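Here is a short tour of a protein–DNA model, written for someone who likes to know the cut-offs. Have the coordinates open and follow along.

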Protein chains: 2
Amino acid sequence: MATELTAAGRYSIGETARRTGFTMDTLRYYERVGLIDGVERGPTGQRRFSEDHLGWLDILKCLRDTGMPIEQMCRFAELVRTGDETIPARITLLTAHEQAVAKRIADLESQRAHINGKIDYYKSVAAGE
Amino acid sequence: MATELTAAGRYSIGETARRTGFTMDTLRYYERVGLIDGVERGPTGQRRFSEDHLGWLDILKCLRDTGMPIEQMCRFAELVRTGDETIPARITLLTAHEQAVAKRIADLESQRAHINGKIDYYKSVAAGE
DNA sequence: CTAAGACCTGGAGTGGACTCCAACGCAAAC
DNA sequence: GTTTGCGTTGGAGTCCACTCCAGGTCTTAG
């Protein structure tokens, strides 16, 4: 029963999928499009994700789940890869995204009120029967 | 200069698009899949949307923009078409959706906090340089 | 008379983000 | 020594919700 951990802090793609919530296919896809890099390989060519990768995947998940398109995530990944001199650019990118998320939340809130209004209307009709 | 309004409260597809924010193509598509019905036609076969349609489209927009899939909107449309005895079912459907929206908002809020944490981290790094 | 503008139809095409597949490579288990 | 499990690849396929297109019809303007 081989442990999923091959070396300290290095995870197989299956274990990484399990830990991050991405599928193995998605992890491979992300690597292909350049969202993940520096993935080492074991002696038989199998991917070994590091602890850092898990952290990075966590950020990607957050960005993806808040609606950032892959292309923009790629731009962010590129900045991270380039070095510390891109930190202001990263702040700009993330801030813009955060604003977009804030707007999305506000929109959802007003739409939610709209839906609740509709529910209340139906309830009043149902009660009036 | 023909007014866009052909008869009291009846709108051409172009005017309906302008008023609802859907494209003409989307309106035709929604009619095809059964999300809109009872659209009358003028003498030359052109669609005439009523005031009621505008109201309905407003609800559809709200549901769509909060992430309800077309299929579920169709189920809702079906209920509305069927009659008042489906009001409890409509309440159930909308309530479930409202819950989903509430969850989405909560998720976005925590993800937003995560993003802000990252921004703050970058700011501290930038300040420390 | 012609051209523009709004609309019609059926059906094909698009974009984004995966998701699946066939055929293969290893390694451990029985 | 073959089956099981986990992984590999390149490329094709899927899903959703539109979106676009060709070719046609009317009406109105110049």
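## The surface near DNA strand D

H2(B) gives the most to the surface near DNA strand D, contributing five residues; helices here are DSSP runs of H or I with at least four residues, numbered from the N terminus. Before going further, please note that this is a predicted model, in which local features need pLDDT of at least 70, side-chain atom pairs count only at pLDDT 80 or more, and totals for chains, interfaces and linings use all residues. Residues are numbered from 1 along each chain as its sequence is written, chains are lettered from A and ligands numbered from 1 in the order in which they are written, and side-chain values use heavy atoms, with hydrogens and water left out.

Around DNA strand D there are 19 residues, of which A:Ser12, A:Arg28, A:Arg47, B:Tyr30 and B:Arg64 come nearest; a residue is near a strand if one of its heavy atoms lies within 4 Å of it. By class, this surface has seven nonpolar, six polar and six charged residues, where Ala, Val, Leu, Ile, Met, Phe, Trp, Tyr, Cys and Pro count as nonpolar, Asp, Glu, Lys and Arg as charged, and the others, Gly among them, as polar.

## Phosphates and bases of strand D

Which part of DNA strand D supplies the atoms within 4 Å of the protein? Sugar or phosphate accounts for 77% of them, and the rest belong to bases.

Two arginines have side-chain N or O atoms by phosphate oxygens of this strand: A:Arg47 at 2.7 Å and B:Arg64 at 2.9 Å. A base nitrogen of DNA strand D lies 3.4 Å from a polar side-chain atom of B:Asp25. The elements that give two or more residues to this surface are helix H1 (13-20) and helix H2 (24-33) of chain A, together with helix H2 (24-32) of chain B.

## The surface near DNA strand C

Turning to DNA strand C, A:Asp25, A:Tyr30, B:Ser12, B:Arg28 and B:Arg47 come nearest among its 19 surrounding residues. Of the strand C atoms that come within 4 Å of the protein, 77% are sugar and phosphate.

A polar side-chain atom of A:Asp25 sits 3.4 Å from a base nitrogen of DNA strand C. On the phosphate side, a backbone N or O atom of B:Gly14 is 3.1 Å from a phosphate oxygen, and the side chain of B:Arg41 has an N or O atom 3.2 Å from one. The largest share of this surface, five residues, comes from H2(A).

## Helices packing across the chains

Now for the protein–protein side. Helix H5 (residues 87-128) of chain A and helix H3 (residues 51-65) of chain B have axes that come within 10 Å and cross at roughly 130 degrees. Axes are lines fitted to C-alpha atoms, for helices over the stretch in contact, and angles run from 0 to 180 degrees between N-to-C directions. H5(A) and H3(B) are therefore oblique to each other: angles under 35 degrees count as roughly parallel, over 145 as roughly antiparallel, 65 to 115 as roughly perpendicular and the rest as oblique.

In the other pairing, H3 of chain A and H5 of chain B pack at about 130 degrees, with axes 10 Å apart. A:Asp58, A:Ile59, A:Cys62, A:Leu63 and A:Asp65 in H3(A) meet B:Arg104, B:Leu108, B:Gln111, B:His114, B:Ile115 and B:Lys118 in H5(B), contact meaning heavy atoms within 4.5 Å. These contact residues divide into five nonpolar, two polar and four charged.

Note on methods. A polar contact is a pair of N or O atoms within 3.5 Å; within protein, one must be able to donate a hydrogen and the other to accept it, and residues adjacent in sequence count only if both atoms are side-chain atoms.
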